[in-house]
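Q: Please take a close look at one part of this model and describe how it is put together. I would like a connected account, with the cut-offs behind each term.

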Amino acid sequence: QHERGWQHRVRIAVAQLDLARVLPGDVSLSATVCRAIETAAQDYRADVVVLPEYASGWSDPLHAGLAEDENGPFLSAVLACAAQHRVGVVLGVLLPTAQPGRAQNVTFVIGPDGAVLGRYTKVHLYDAYGARESDVLEAGDPRGDGAPLVVSVPTPTGTLRLGVATCYDLRFPESFRALLSVGVPDVVAVGAAWADGEGKADQLRVLARARAIENTVYVALASQRGAGRVGGSAVVDPRGVVLDEASGADDGQFAVAEFSAAQLAAIRTASPVLEHRRYDVRPLP
């Protein structure tokens, strides 16, 4: 087990938002996201706030017109908001590629000073249940921009080890095991816009709990709510216990949980699955 840099308690907030839009450059979305960051930091005293994938805009069908350069007004506003409220932020955005009509789904981890600590491009594209993200998106390279990402996020009580995954990645347990190759995370932040449908909300909850149990990590799931999306945002502990959830239909809900390094260490002592692993995970050729 790795030695954690935080010694006391940390507080994680996940925001459940409806971030649907059709036109790029919708300033109301950056205002919505910044209000969520402010609420998490001030009202819930969060050290880290996790926002959904497609935080810069979602639509059905997905289209590359939603993409905005990382130096554009949306992400610039989020960076400034993180710094203003001294809180770590995780969120997913659409970025344009060099190829017209194509984009990438990228998760950014932002420090409480507003600096980008890391970025991960979604590896597993959701070509399932009749949807085809690959019609618009370019997948991340598991050996490059989609490599496993675990970063150190400063908090008032020390440094939190945070891994990231995006939505459909939840169906691939090897994505979570691969995080161990770059550093054992304390918490994995998962942004989602999980598609609605028969049994889909239950599947999301089961998968989030399973990934937490398998890897003895906290899972902070921020999932969009709205037409075509199930919501279901929650914080799950390493035993699979749902500590808090945002399960209602209203926009702007939060799930918030506080935990300590001692609690995590005790769970990993009781269930030392990370020490008992006999297999490694590598990208396919």
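A: Strand 3 and strand 4 pair in the antiparallel sense, over 8 bridges. Pairing here requires that DSSP finds at least two bridges between two strands; strands (E, at least two residues) and helices (H or I, at least four) are DSSP runs, numbered from the N terminus. The model is predicted, so local features need pLDDT of at least 70 and side-chain atom pairs pLDDT 80 or more, while totals for chains, interfaces and linings use all residues. Residues are numbered from 1 along each chain as its sequence is written, and side-chain values use heavy atoms, with hydrogens and water left out.

Within the pairing of these two strands, Pro 96 stands opposite Ala 103 in strand 4. The wider arrangement is an open sheet of 6 strands with mixed pairing, in the order 5-4-3-2-1-14. Strand 5 and strand 14 are its edges, each pairing on one side only. On average, neighbouring strands are turned by 25° against each other, direction ignored.

Two helices bear on this sheet. Helix 1 packs on it, touching strand 1, strand 2 (48-50), strand 3 and strand 14, and its direction makes about 40° with that of strand 14. Helix 2 lies across strand 3, strand 4 and strand 5, running at about 170° to strand 3. Contact means heavy atoms within 4.5 Å; axes are lines fitted to C-alpha atoms, for helices over the stretch in contact, and angles run from 0 to 180 degrees between N-to-C directions.

At one edge, strand 14 pairs with strand 1 in the antiparallel sense over 8 bridges, with Ala 15 opposite Phe 254. Although it is an edge strand, strand 14 has 6 of its 8 residues buried, so it is largely enclosed by the rest of the structure. Buried means under 20% relative accessible area, exposed over 50%, and partly exposed in between (1.4 Å probe, protein chains only).

The sheet and helices also share a nonpolar core. The largest core has 30 residues, and those with the most contacts inside it are Ile 37, Leu 51, Val 78, Val 89 and Leu 91. Two or more residues each come from strand 1 (9-16), helix 1 (27-42), helix 2 (73-85), strand 3 (88-96), strand 4 (103-110) and strand 14 (253-260). Helix 1 gives the largest share, 7 residues. A core is a set of buried Ala, Val, Leu, Ile, Met, Phe, Trp, Tyr and Cys residues joined through side-chain atoms within 4.5 Å. Val 78 touches Val 33, Cys 34, Ile 37, Val 89, Leu 91 and Ile 110, not counting residues up to four places away in sequence. Apart from this core lies another, of 25 residues, among them Val 90, Leu 162, Ala 189 and Phe 259.

Phe 254 has a further role in the ring pairs, of which there are 4. Its pair with Tyr 44 is tilted, at 5.2 Å centre to centre and 40° between the planes. Rings of Phe, Tyr and Trp (its six-membered ring) pair if their centres lie within 6.5 Å; planes under 30 degrees apart are stacked, over 60 edge-to-face, and the rest tilted. Tyr 44 lies in the loop between helix 1 and strand 2, 210 residues from Phe 254. Tyr 44 is partly exposed, with a relative accessible area of 32%, whereas Phe 254 is buried at 13%.
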